[in-house]
Amino acid sequence: MSLPDSEREAEASAAIGFDLSECAQEPIHRLGRIQSHGTLLAVEADTGIVDTAALNTGSLLGIEAEELVGGPITRVLSPEQWAEALDIGAQHAAASLVLPVAIDVAGGPRTFDVTAHRVGPLLVLECEPRAVEAPHFAHFYQGVRRALTRLRSSTTAAECCQEAAREIRALTGFDRVVAYRFDGEDGPGEVVAEELAAGHEPWLGLWFPASDIPPQARRLYRDNWIRAIADVDDSSVGLHSPFRADGSLPLDLSNSVLRTVSGFHLEYLRNIGVKSSMSVSVLREGELWGLIACHGYAAVTVPPELRAACEFFGVAFSLQLAVIEEREQAEALTASRERLDRIISRVTSDLEGSLLAGDDALSALLDADGAALCRGGRSSVSGMGVPPALLETLRARAAGPAPGTVWSTDRLCEEPDHPDGMPEGGPAGVLMVTLSRSGDFLAWFRRARPTTRQWATDPSRPVQAGPRGERLTPRGSGAVFRALVHGQSLPWTPTDRATAQELWRTLTGLVLRHEEELAALNEQLRITNSDLDSFAHVAAHDLKEPLRGISNAAAFVIEDAAAELDATTVRRLATMRRLAGRMDDLLNSLLHFARLGRGGLHRTRVPLGRVLDSALDVAAERLAEARVRVIRHDLPEVYADENRLYEVLVNLLVNAAKYAADRDDRTVEVLVDTLRPPSGGDPQQTVVVRDNGIGIPSDRQHEVFELFRRLHGQGERGGGTGVGLAIVKRIVERHGGELWLDSEPGRGTAFFFTLGQEGEVGQEEGVGQEGG
């Protein structure tokens with residue numbers, strides 16, 4: 001003969017020791033039992049066939065569970081009642097509506113309050129016998145109305161919690177009603193308000209360990225507004241479900257109003273002398289803020305309509321609490337507006353420098369000890385030392401969430417991604433607002449500040465030996481423990497979070513406005529440059545024709561009438577021809593310079609040695625005349641437009657020939673090195689053309705890249721138009737690179753240029769085609 005389920009459970013509980021991890025891992029939504037004051041049927045919604053029945057259906061409904069399972073639900077409900085239950089279940093995921101049903105039991109009608117909810121393909125019906133003189137909802141209406149009126153008159157969160165505790169106790173008659181607030185998602189809880197019958201020890205201000213309400217219980221509290229236990233000593237009732245005899249999971253009772261609770265929790269309630277209880281969840285933005293917890297010192301069955309009234313009140317309380325907290329946040333934000341405005345007023349395009357100024361105003365905004373701004377892989381910190389490893393951890397955490405997302409913790413050391421080896425006195429709390437999905441963020445830091453808490457039990461020993469062995473021990477009886485909390489900063493308030501988000505919102509607007517202004521300026525600059533290029537091209541092209549006519553006319557006069565002219569006139573005509581030729585050279589140079597701004601780049605991987613060979617085909621004669629020897633090293637491939645790179649090398653080689661020094665070992669050296677550009681950043685592949693010529697004085701080095709600028713007279717150093725190095729500079733910049741020089745008079749000049757990283761787009765790259 002097998003033992004009843006309740007006795008087997010008792011034997012099993014006695015055979016094992018108490019383990020908090022076992023408590024935290026218990027599948028409390030699939031215990032397979034319900035409280036015995038009601039009964040349960042799970043029915044296939046499509047077919048109306050009973051899948052599961054509680055083992056007490058015989059005593060309450062007149063038909064044993066074994067007979068009901070596998071048969072139609074219409075053996076219990078009429079077709080009309082079944083259709084109404086289906087309609088309720090289709091509209092509500094959780095059991096929140098009560099359906100009064102008269103069921104024929106043992107030849108006579110009996111009234112039940114039936115709640116219905118869906119679990120996958122099943123409709124779960126929970127039937128609670130209605131007392132002969134059970135009050136109707138109208139009986140609770142005046143009390144609920146009075147409670148809501150008083151709730152709306154609350155002006156602070158503390159006052160609102162106290163009113164809620166007072167009104168729930170007035171509605172239900174429980175001996176103790178407390179408002180219980182959780183410290184974080186999985187932290188301990190504090191009693192912030194209490195209404196208590198005479199003769200019992202108060203709990204107001206006491207903290208309870210997080211292990212008292214494990215994570216899976218908190219999830220159920222979040223998903224269900226109300227949970228009632230009629231009698232902690234109830235033997236409970238098992239479920240008959242032969243279809244699950246194959247070992248599949250018991251029926252999911254997450255939304256059940258009759259679901260029994262964990263044996264650990266029942267033991268806990270017995271240890272504190274509680275006989276019955278009810279909990280009403282308090283939610284804030286979909287997360288569990290806390291509970292209104294009710295305790296009775298006698299067994300109490302809360303009727304469904306009173307539960308519904310308390311559930312309704314819990315929803316109203318959550319909304320009112322949210323309104324009060326939002327109003328308090330708005331008032332606090334208004335109070336901090338002056339500090340916020342002072343920070344915003346000094347924001348410039350240099351976001352790091354303007355935000356993290358030396359006065360620590362950004363830190364003071366949230367009463368923090370330090371702040372950091374991380375953008376584009378660069379980090380700026382002020383106020384206190386922040387280890388680079390922590391910044392990298394925060395950057396990884398910031399990558400992904402939407403911009404404006406706020407994350408905070410006052411117990412950084414408990415975070416799973418907390419870096420090891422944090423220095424003493426470093427950050428213990430962080431509030432971070434995400435700036436971009438790539439990992440940019442703005443963060444505030446607080447040092448650890450030890451605080452004192454009054455615990456209802458020793459927080460270091462939540463499990464102690466009691467009359468039933470090692471259990472969650474009784475609270476109260478003067479057993480108040482004062483303990484210092486270490487490694488924790490001051491908590492971040494909702495106002496802190498709102499202020500951080502307001503700063504992000506304002507900064508986003510400023511940055512976007514700066515970007516729009518910059519985009520507008522860039523567009524104006526692009527149009528201006530385009531107009532200048534077009535003007536230079538057209539002007540030079542149109543000027544060449546009359547200039548050619550002037551030169552030709554002077555030549556014809558000299559050829560045809562030189563014998564009839566005096567020497568001064570002939571000399572003046574020759575000067576006219578020479579100046580016309582000089583101007584033609586200048587116009588040709590101007591045309592070429594303008595053309596560089598109109599054509600596109602076609603970059604590929606090209607061997608630098610091959611491009612140098614092509615450049616020497618042109619420059620070799622000038623180099624030979626100047627007796628300059630070319631020294632070439634191993635030259636790798638570079639990523640460039642080959643034709644434009646050829647022009648760069650020709651100009652630099654010819655330049656070396658022009659400015660050769662009066663010495664025997666005249667050389668120009670071409671090599672590639674890895675150097676850091678003057679603008680900073682990482683070292684890059686750099687082409688170097690170095691000569692040992694006459695050099696350039698330091699006070700004139702800035703002039704050499706200017707258009708038509710020559711450092712010597714027109715007839716000196718082989719002439720020229722002064723455009724060559726300006727062309728070199730423009731080509732390099734269009735590649736996205738940099739051009740600079742190092743020179744010393746008498747010791748030569750080295751020109752350095754980069755060509756941008758492969759895959760980057762330089763100025764105007766790919767726009768248009770080469771124009772003439």
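**Exercise 1. Packing of H18 and H19**

Task: Describe how the axes of helix H18 and helix H19 are arranged in this predicted model, and state which residues make the contact.

Solution. Step 1: Two packed helices are described by the angle between their axes and the distance between the axes. Step 2: For H18 (residues 642–658) and H19 (residues 724–734), the axes come within 9 Å and cross at roughly 145 degrees. Step 3: The crossing of these two helices is left-handed. Step 4: H18 contributes Arg644, Glu647, Val648, Asn651, Leu652 and Asn655, while H19 contributes Gly724, Leu725, Ile727, Val728 and Ile731. Step 5: Sorted by class, the contact of H18 with H19 comprises 6 nonpolar, 3 polar and 2 charged residues.

**Exercise 2. The surroundings of Arg411**

Task: Determine whether Arg411 is buried or exposed, and identify the side chains that it meets in polar contacts.

Solution. Step 1: Arg411 is placed in the loop between strand S16 (406–409) and strand S17 (427–434). Step 2: Its relative accessibility is 14%, and buried means under 20%; Arg411 therefore counts as buried. Step 3: The side chain of Arg411 has a polar contact of 3.2 Å with that of Asp183 and a polar contact of 3.3 Å with that of Asp410. Step 4: With neighbours within four places in sequence left aside, Arg411 is in contact with Asp183, Ala428, Gly487 and Gln488. Asp183 thus appears both in a polar contact and in this list.

**Exercise 3. Ile292 in strand S13**

Task: Establish why Ile292 is classed as buried, and state which residues it touches.

Solution. Step 1: Ile292 belongs to strand S13 (residues 287–296). Step 2: Ile292 is buried because its relative accessible area is 1%. Step 3: Not counting residues up to four places away in sequence, Ile292 touches Ala164, Ile168, Val177, Val178, Met278, Ser279, Val280, Val282 and Phe317. Step 4: Val177 is 115 residues from Ile292 along the chain, yet their C-alpha atoms are separated by 6.8 Å.

**Exercise 4. Helix H14 and its end**

Task: List the buried residues of helix H14 and the strands against which they pack.

Solution. Step 1: In H14 (residues 388–398), the buried residues are Leu390, Leu391, Thr393, Leu394, Arg395 and Ala398. Step 2: These residues pack against strand S14 (370–375), strand S15 (378–382), S16, S17 and strand S18 (441–447). Step 3: Just after H14, Gly400 adopts a positive phi of about 125 degrees.

**Exercise 5. Positive phi outside glycine**

Task: Compare the positions and accessibility of Ser236 and Asp367.

Solution. Step 1: Most residues other than glycine have a negative phi. Step 2: Ser236, although not a glycine, has a positive phi of about 65 degrees; for Asp367, also not a glycine, the positive value is about 50 degrees. Step 3: Ser236 lies in the loop between strand S10 (226–229) and strand S11 (237–240), and Asp367 in the loop between helix H13 (361–365) and S14. Step 4: Ser236 is buried, with a relative accessible area of 11%, whereas Asp367 counts as partly exposed at 45%.

**Exercise 6. Confidence along the chain**

Task: State where the pLDDT is below 50.

Solution. Step 1: The protein averages a pLDDT of 79, and 78% of its residues score at least 70. Step 2: Over residues 1–21 the pLDDT is below 50, and this stretch has 21 contacts beyond near neighbours in sequence. Step 3: Residues 468–478 also have a pLDDT below 50, with 41 such contacts. Step 4: Where pLDDT is low, the predicted coordinates should not be read in detail.

Methods. Residues numbered from 1 in each chain as written. Predicted model: local features only at pLDDT ≥ 70, side-chain atom pairs only at ≥ 80, totals over all residues. Heavy atoms only, no water. pLDDT = per-residue confidence, 0-100. Contact = heavy atoms within 4.5 Å. Axes fitted to C-alpha atoms, helices over the stretch in contact; angles between N-to-C directions. Helix = DSSP H or I, 4+ residues; strand = E, 2+ residues; numbered from the N terminus. Left-handed = near helix turned anticlockwise from the far one by under 90°. Nonpolar A, V, L, I, M, F, W, Y, C, P; charged D, E, K, R; others polar. Buried < 20%, exposed > 50% of the residue type's maximum accessible area, 1.4 Å probe, protein only. Polar contact = N/O pair within 3.5 Å; in protein donor to acceptor, adjacent residues only side chain to side chain.
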